[in-house]
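Got your viewer open? Load the model and keep the selection box handy, and we'll go through it stop by stop.

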Amino acid sequence: MTRFLDPSVFAGHDGPADSPSMIVLCHNQLHLLVMIDSNGAIGRDDAAGINDIIVESALSSIMDCEDSIAAVDAEDKILAYRNWMGLMDGTLTEAFEKGGAHHFPPACR
């Protein structure tokens with residue numbers, strides 16, 4: 001029987017425990033799905049029947065408030081980071097006027 005060096009990475013499985021169709025692993029809050037299908041295009045040639053591996057990747061960005069925009073004092077940086085946070089969590093909204101009509105984001109209606 002094979003065991004994990006670190007059992008905490010095992011997050012679950014799909015299908016019966018003795019013959020799962022998928023094994024889910026998790027490390028640093030990122031998931032790895034091991035798709036098992038002995039009849040699949042790749043799995044049929046693999047001793048373990050692994051047909052595919054799906055890896056969740058981290059999203060990272062670099063935010064530069066000195067060169068990208070003119071935010072050099074504390075007040076400007078607070079506004080810039082507040083807007084950045086709104087972009088990241090999907091809460092940033094803006095209303096505007098065009099052609100004499102006011103336009104509001106759906107959440108503000």
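What share of the 109 residues in the protein chain is buried? Colour by relative accessible area and you'll find the buried ones make up 14%. Keep in mind that this is a predicted model.

Now switch to a cartoon of the whole chain. You should get one helix and six strands, laid out along the sequence as β-β-β-β-α-β-β. If you put a surface on top, its accessible area is about 9000 Å², and carbon and sulfur atoms own 57% of that. With a contact map to hand, look at pairs with a separation of 6 or more: residues 24 or more positions apart account for 6% of those contacts.

Next, pick out the sheet. It's an open one of four strands, in the order β1-β2-β3-β4, with antiparallel pairing. Select 10-14 and 50-55: these are β1 and β4, the edge strands, and each has a single partner, so one side of each has no neighbour in the sheet. Look along the sheet and you'll see a twist averaging 15° from one strand to the next.

Zoom in on β1 with residues 22-27, which form β2. The two strands run antiparallel and are joined by four bridges. For one bridge pair, click phenylalanine 10; its partner in β2 is leucine 25.

Last stop: alanine 70, in the loop between β4 and α1 (74-89). Is alanine 70 buried or exposed? At a relative accessible area of 74%, alanine 70 is exposed, because the cut-off for that is over 50%. Finish by drawing a distance from its C-alpha to that of alanine 80, 10 residues apart along the chain: 9.5 Å.

Key. Residues are numbered from 1 along each chain as its sequence is written. This is a predicted model: local features need pLDDT of at least 70, side-chain atom pairs count only at pLDDT 80 or more; totals for chains, interfaces and linings use all residues. Side-chain values use heavy atoms; hydrogens and water are left out. Two strands pair if DSSP finds at least two bridges between them. Axes are lines fitted to C-alpha atoms, for helices over the stretch in contact, and angles run from 0 to 180 degrees between N-to-C directions. Buried means under 20% relative accessible area, exposed over 50%, partly exposed in between (1.4 Å probe, protein chains only). Contact means heavy atoms within 4.5 Å. Accessible areas come from the Shrake-Rupley method with a 1.4 Å probe; for residues, only the protein chains shown count as cover.
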